[in-house]
Amino acid sequence: MATKKAAESTLYHLSPKGFWKKFRDAVVVNPEISTGLPLSELNRYPPPASRPEKYSSPASRASDIAENPYWKRDVRRAYPQLSVMTQTELSTLLIEHSTPQAVAAPVEGEQAVAAPKPAMELSAAIATITATNKVFSESNLPPSLPIPHKRWRPVRSPDAPHPPYSYFPMSLYK
């Protein structure tokens with residue numbers, strides 16, 4: 001007995017009945033081919049929208065109207081907040097971070113408190129930092145931005161072929 005190797009084309013697909021089956025058999029080139037319309041009760045089980053219960057979104061803090069005002073949810077008006085730093089604050093930061101900090105070993109029962117630095121003008125702070133250590137020189141240049149390709153420098157290339165003594169406004173560059 002030969003076993004069936006190919007899938008049955010009409011097993012899970014809608015097939016016409018009665019007059020339309022006879023009409024299809026007469027008109028179609030290959031009457032054995034499937035219609036391609038899946039049977040709804042066999043294709044998707046359970047069928048869509050057949051479950052009796054309705055979806056309800058879970059309760060969260062965002063769904064509580066009393067604790068979720070509109071101005072907290074409105075991201076269109078969440079403008080960046082400005083931060084202000086004075087020149088004296090900037091000068092103290094520059095001086096603190098210009099030299100490596102030595103950390104002393106902790107002593108039991110003692111609280112290490114950093115002594116407050118005297119306030120200094122920004123220009124004086126920059127002058128003291130650059131006087132003590134030279135940050136950049138001709139041999140030690142600051143880092144440059146990494147770019148994936150070399151910068152294009154225009155180099156004139158020979159003109160395209162054209163008749164001599166004719167007006168040729170185009171200039172070619174490599």
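**Figure 1. Asp74, a buried acid with a salt-bridge partner.** In this predicted model, Asp74 is tucked away from the surface: its relative accessible area is 8%, so it counts as buried. You'll find Asp74 in the loop between helix H3 (70–73) and helix H4 (87–98). Its partner is Arg76, and the two form a salt bridge whose closest N and O atoms are 3.2 Å apart. The side chains of Asp74 and Arg76 also count as making a polar contact, again at 3.2 Å. Is Arg76 buried or exposed? With a relative accessible area of 58%, Arg76 is exposed. So this salt bridge joins a buried residue, Asp74, to an exposed one, Arg76.

**Figure 2. A salt bridge along helix H1.** Here Lys21 pairs up with Asp25. Their closest N and O atoms sit 3.5 Å apart. Why can these two be partners along one helix? Lys21 and Asp25 are four residues apart in H1 (residues 19–27), so about one helical turn separates them. Both ends of the bridge are partly exposed: Lys21 has a relative accessible area of 42%, and Asp25 comes in at 36%. As for confidence, H1 has the highest mean pLDDT among the elements of the protein, at 92. The lowest mean, 74, belongs to helix H2 (residues 40–43).

**Figure 3. Arg156 meets Asp159.** This view shows another of the four salt bridges in the structure. The side chains of Arg156 and Asp159 come together at 3.2 Å, N to O. How accessible is Arg156? Arg156 is partly exposed, with a relative accessible area of 48%. Asp159 is partly exposed too, at 37%.

**Figure 4. Ser157 and its contacts from further along the chain.** Ser157 lies in the segment after H5. Its relative accessibility is just 14%, so Ser157 counts as buried. Which residues touch Ser157, once you set aside its neighbours within four places in sequence? They are Leu172, Tyr173 and Lys174.

**Figure 5. The two sides of helix H5.** Helix H5 covers residues 122–132, and Leu122, Ala125 and Ile129 are buried in it. Look down the axis of H5 and these buried residues fall within an arc of 65°, so they line one face of the helix. Now check the face turned away from that buried side: Ser123 and Ala131 are exposed there. What helps cover the buried residues of H5? The cover includes H4.

**Figure 6. Stepping back to the whole chain.** The protein has five helices and zero strands, so along the sequence the pattern reads α-α-α-α-α. The radius of gyration is 41 Å, well over the 16 Å that the globule rule gives for 174 residues, so the protein is more spread out than a compact globule. Along its principal axes, the C-alpha trace spans about 100 × 85 × 50 Å. How much of the protein is buried? Buried residues make up 5% of the 174. Take the contacts between residues at least 6 apart in sequence: 39% of them join residues at least 24 apart. Finally, the confidence: the average pLDDT is 82, and 92% of the residues score at least 70.

Key. Residues are numbered from 1 along each chain as its sequence is written. This is a predicted model: local features need pLDDT of at least 70, side-chain atom pairs count only at pLDDT 80 or more; totals for chains, interfaces and linings use all residues. Side-chain values use heavy atoms; hydrogens and water are left out. Buried means under 20% relative accessible area, exposed over 50%, partly exposed in between (1.4 Å probe, protein chains only). A polar contact is a pair of N or O atoms within 3.5 Å; within protein, one must be able to donate a hydrogen and the other to accept it, and residues adjacent in sequence count only if both atoms are side-chain atoms. pLDDT is the predictor's confidence in each residue, from 0 to 100. The arc is that of the directions from the helix axis to the C-beta atoms. Contact means heavy atoms within 4.5 Å. The radius of gyration is taken over C-alpha atoms; the globule rule is 2.2 Å times the number of residues to the power 0.38.
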